[in-house]
Amino acid sequence: GKQALSGSYEGFDVEIAKIVAAGLGLKPEQIEFSEAPSARREEVIEAKKVDMVVATYTINDKRKARVSFAGPYYVAGQQLMVAKDDNKLTSPDALKTNPDAKVCSVTGSTPGETIKKYLANPNQLVLFDVYSKCADALRTGQVQAVTTDNVILLGFVADSNGKFKLAGDQFTQEPYGIGIAKGDVPFCQFIDDQLTKAAQSGDYEKAWKTTAGKVEGAKTPALPPLSPCS
C-alpha cells in the first residue's frame, strides 16, 4: 500500500498525509507509517521504501537535486524552546550574551546549522539524533534551549505538562513540502490538488486545529502558495 512517513503517528503532518491518502481512496488505517531520521529521508524515497515523506521536510535546492516536492503545505520557522521559568533566553541572540547556555538540535538538520551563527562558542551546541533526546536534556537541565521548527516544538510544549514554552519569534522561514520520487510531476500535481481542496473545504484548518493548533500561542496558518511541480 501507499506509505507515508512522519516523525510521530499523530500531529499536523500525519493529518496532511491522511488528506493526501484520502484522495488516493485510502482510509487512515490503510496508510503504512514508518519513521526516518532527518539525514535519511532522500534515501528512503530513492529506494522506493515510501511513496511520500510528510515529516517537517524543508524544501531546499540540495534536497531538490535528489527528490521532488509537492506543496509547500506550511511555512514553519525556527524557534527556541526553553524551560517555562526561563526569562533569559528570549531570542537566539541571547545565546551570545549567555555563553554558558547550551542549545540542543539534531545532527544533520537545517536548524542545527542555522543556530551556529548565533552562538558565542561552538561548545554551546549539543547534537542528538532525534529531538526527543533534546527535550529530555532540557527537562534534566543538561541544556537550556532546544531549537528546531516551531511545529515540532509545539508538540513538545504540549506534552511537557507546563514545563516548557516557546521563546521569541520565528527567526527563519522553512517551507515544508511533501517529498516524492524525483520528477514525478503527476503525483506532485495530484497532491497539490488535494491540498487545495482541503484548504477550500476546511479540512486543512481542521488538521491544524486538532493537532499543533491546540497549544497556546499557535497561530492558525493558511495554505501557502504552491510551488510549480518539477
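This is a guided tour of one predicted model, stop by stop, with a selection to make at each.

Before starting, note that residues are numbered from 1 along each chain as its sequence is written, and that side-chain values use heavy atoms, with hydrogens and water left out. Because the model is predicted, local features need pLDDT of at least 70 and side-chain atom pairs count only at pLDDT 80 or more, whereas totals for chains, interfaces and linings use all residues.

**Stop 1: the disulfides**

Select the cysteines, and look for the two disulfides that the structure holds, a disulfide being a pair of cysteine sulfur atoms within 2.5 Å. Begin with Cys-104 and Cys-134, whose sulfur atoms are 2.1 Å apart, and turn the view to follow the S-S bond, about which the angle is -70°, making this link left-handed. The pair links distant parts of the chain, for Cys-104 belongs to strand S5 (residues 103-106) and Cys-134 to helix H6 (residues 131-139), with their positions 30 residues apart in the numbering. Helices (H or I, at least four residues) and strands (E, at least two) are DSSP runs, numbered from the N terminus. Both Cys-104 and Cys-134 are buried, where buried means under 20% relative accessible area, exposed means over 50%, and partly exposed lies in between, as found with a 1.4 Å probe on protein chains only.

Next select Cys-188 and Cys-229, which are joined by a disulfide with an S to S distance of 2.0 Å. This link is also left-handed, with -80° about the S-S bond of Cys-188 and Cys-229. Here too distant parts of the chain are linked, since Cys-188 sits in helix H8 (residues 185-201) and Cys-229 in the segment after helix H9 (203-209), 41 residues apart. Is each of these two cysteines buried or partly exposed? Cys-188 is buried, with a relative accessible area of 1%, while Cys-229, at 22% relative accessibility, counts as partly exposed. If the bonded cysteines of the protein are numbered in sequence order, the pairing reads 1-2, 3-4.

**Stop 2: Asp-192 and its surroundings**

Stay in helix H8 and select Asp-192. This residue is buried yet has no salt bridge, and the nearest side chain of opposite charge, that of Lys-64, is 11 Å away. A salt bridge is a side-chain nitrogen of Lys or Arg within 4 Å of a carboxyl oxygen of Asp or Glu; for charge, Lys and Arg count as positive and Asp and Glu as negative, while His and the chain ends are not counted. What does the side chain of Asp-192 reach at 2.8 Å? Show the backbone nitrogen of Gly-71, which is the atom at that distance. Leaving aside neighbours within four places in sequence, Asp-192 is in contact (heavy atoms within 4.5 Å) with residues including Ala-70, Leu-226 and Cys-229, the last of which was visited at the previous stop as the partner of Cys-188.

From Gly-71, step along the backbone to Pro-72, and examine the peptide bond between them, which is cis, with omega near 5°. Pro-72 has its place in strand S3 (residues 67-76).

**Stop 3: strand S4**

Now select strand S4 (residues 78-83), which is largely enclosed by the rest of the structure, because five of its six residues are buried. Strand S4 pairs with strand S7 (residues 145-149) in the antiparallel sense over five bridges, and with strand S8 (residues 164-167), again in the antiparallel sense, over four bridges; two strands pair if DSSP finds at least two bridges between them. To see these pairings, find Val-82 opposite Ala-145 in S7, and then Met-81, whose bridge partner in S8 is Leu-166.

Within strand S4, select Gln-78, which counts as buried at 0% relative accessibility. A polar atom of the Gln-78 side chain lies 3.2 Å from the backbone oxygen of Pro-111. Leaving aside neighbours within four places in sequence, Gln-78 is in contact with a list of residues, among them Pro-111, Thr-147, Asp-169 and Phe-171.

**Stop 4: the loop between H2 and H3**

Finally, select the loop between helix H2 (41-46) and helix H3 (61-64), where Lys-48 is found. Phi of Lys-48 is near 60°, a positive value in a residue other than glycine, and Lys-48 is exposed, with a relative accessible area of 68%. Thr-56 is found in the loop between H2 and H3 as well, and has a positive phi of about 40° although it is not a glycine. Thr-56, however, counts as buried, at 16% relative accessibility.

How values were computed. A polar contact is a pair of N or O atoms within 3.5 Å; within protein, one must be able to donate a hydrogen and the other to accept it, and residues adjacent in sequence count only if both atoms are side-chain atoms.
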